[in-house]
Amino acid sequence: MKQFVKIFYLISVIVSLTLLCPLVCRAEAKKGLLVYDSIYGSTPEVAYWLKAIIGDEQPLDVKRVDQVITVAPYDYVLIGSYSKWEKPSPRIYKFVEKYQSDLAKKQVCYFLTCGDWDETMILKVPGGTAHQIAGRNYLYELMTKYPNIKPVVIAGFGGRQVTPALQGADAFMIWMLEKLAREGAAWSGLDIYESLVPERVEVFGNDVRQKVLGLEPLADVQKYRGFWQSAQPGSLTDPSKKKYTVRTYTVHTATDKLFYSRFRIKSDLDGTIKMLAAWAQQNGVTLNEQRKTFFNVYYHAVKNVNGKDMTMHVVAAVMPDDPGAVHISLRSYDKLDARKPIEEAIGKAEQLLWADGRKIEGR
Ligand SMILES: Cc1cc2nc3c(=O)[nH]c(=O)nc-3n(C[C@H](O)[C@H](O)[C@H](O)COP(=O)(O)O)c2cc1C
């Protein structure tokens with residue numbers, strides 16, 4: 001009987017502790033600030049979408065950048081912006097500048113809305129130098145300028161352009177860009193153009209839950225896509241036009257001014273870097289690294305053709321919405337009549353990278 005009372009007592013203690021612990025032992029929830037800047041209104045839609053993913057029960061203030069007077073009360077800060085001319089907003093730069101010493105002591109995450117999310121992209125405009133654009137590439141300068149702030153997560157989601165809403169100079173510049181773009185402009189002929197990759201918002205939100213708040217990722221995270229989706233059409237006059245078209249990963253373009261191959265393979269960034277090094281060695285190509293980040297690498301791949309150095313622009317990138325794959329782009333801006341050996345070298349790179357079933361078909 002005594003033994004029975006002892007066991008009963010022990011079980012009662014265990015049960016009470018299990019029931020009470022979540023209430024008593026739970027650490028106080030971390031307080032967050034999501035600060036954003038926007039011109040046309042798409043970034044705050046993403047901000048509230050993220051707040052929903054992070055969880056309404058988590059204390060998270062969502063404020064436009066000009067409504068913030070201090071970051072002191074917060075344990076973590078999510079900083080979001082539109083991208084304009086390849087950068088986050090000037091007010092976001094000022095915010096980071098002003099609070100940099102506080103931010104350096106907190107957990108910080110950066111996110112961008114943007115038109116182009118493809119982090120294998122290179123932009124070459126007439127008279128300008130070829131350089132990386134799109135997605136997280138736009139955060140590079142900000143992060144280099146404020147190296148004491150080490151973000152836990154960064155993201156570039158894509159975004160939305162409502163063409164009839166564009167203001168004077170913006171409307172003119174976007175129109176000009178559409179005319180100049182060698183590789184075409186995705187928003188041509190659309191009233192609303194959307195590029196946002198919902199999975200990226202969801203991965204970012206879940207990363208914040210896990211890496212900042214120590215919570216489980218939301219399994220049914222897709223249920224919040226209504227924060228972004230709307231019934232508005234891509235074009236008021238042409239019902240066949242879609243505001244969002246899933247962009248293809250596999251592209252082959254050969255024009256007079258551009259030779260371009262883009263695809264994806266099953267690999268990781270380090271493995272791809274090794275394969276590119278082997279390709280360079282086998283094909284008399286010198287790889288000059290332009291920039292390396294944790295998510296991509298950009299090379300000038302130089303081949304001497306008849307005494308002249310010709311440059312291929314090679315980028316490999318991993319993307320949060322496509323785990324296990326590496327996206328690769330190889331470009332030559334040399335003219336059609338001079339670039340035969342370059343086309344051949346790019347063909348060799350494809351052969352090597354695609355070998356052993358690595359090429360991912362489709363899309
Ligand atoms: C004038 C202007 C310049 C832009 N420049 C870029 C750019 O360089 N790169 C990019 O990916 N997106 C660019 N965008 C796209 C915006 O970042 C995108 O539409 C974003 O969703 C806008 O956010 P907002 O609605 O919160 O203002 C530009 C948009 C405008 C209007």
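# Exposed, buried, core and shell

Visitor: What makes R363 exposed rather than buried?

Guide: R363 has 10 other C-beta atoms within 10 Å. A residue is called exposed if 12 or fewer other C-beta atoms, placed from the backbone, lie within 10 Å of its own, buried if there are 20 or more, and partly exposed in between. R363 is therefore exposed. Its phi is positive, about 50°, although R363 is not a glycine. R363 belongs to the segment after α9 (340–354).

Visitor: On what basis are these statements made?

Guide: The model is predicted, and local features need pLDDT of at least 70, side-chain atom pairs count only at pLDDT 80 or more, and totals for chains, interfaces and linings use all residues. Residue numbers start from 1 along each chain as its sequence is written.

Visitor: Why is A134 called buried or exposed?

Guide: A134 has 24 other C-beta atoms within 10 Å, which satisfies the limit for a buried residue, so A134 is buried. A134 also has a positive phi, near 85°, and is a residue other than glycine. Its place is the loop between β8 (131–132) and α5 (140–145). Of the 363 residues of the chain, 34% count as buried.

Visitor: How do you know that α2 reaches close to its expected span?

Guide: Helices are DSSP runs of H or I with at least four residues, strands are runs of E with at least two, and both are numbered from the N terminus. The expected span of a helix is 1.5 Å times one less than its number of residues. For α2, with 13 residues, that gives 18 Å, and the helix reaches 19 Å from its first C-alpha to its last. Just after α2, G55 takes a positive phi of about 115°.

Visitor: Which residues of α2 are buried, and what covers them?

Guide: Buried residues of α2 include V46, W49, L50 and I53. The cover over the buried residues includes β1 (32–37), β2 (60–64), β3 (76–81), β10 (160–162) and α7.

Visitor: What makes a set of residues the largest nonpolar core here?

Guide: A nonpolar core is a set of buried Ala, Val, Leu, Ile, Met, Phe, Trp, Tyr and Cys residues joined through C-beta atoms within 7 Å. The largest such set has 73 residues, and L50, V77, C109 and F157 touch the most other members. Helix α2 (residues 42–54) gives the largest share of this core, six residues. At least three residues come from each of domain 1 (32–227) and domain 2 (251–354).

Visitor: How do you know that domain 1 is in contact with domain 2?

Guide: Two residues are in contact if their C-beta atoms, placed from the backbone, lie within 7 Å. 13 residues of domain 1 are in contact with 18 residues of domain 2. The largest share of the domain 1 side, three residues, comes from helix α7 (residues 198–212). The domain bounds come from an automatic or database domain assignment, and the centres of domain 1 and domain 2, taken over C-alpha atoms, are separated by 28 Å.

Visitor: Which residues of the shell around the ligand are the closest?

Guide: A residue is near a molecule if its C-beta atom, placed from the backbone, lies within 6 Å of it. 23 residues surround the ligand, and S38, Y40, Y82, G115 and G159 are the closest. The largest share of the shell, three residues, comes from α6.
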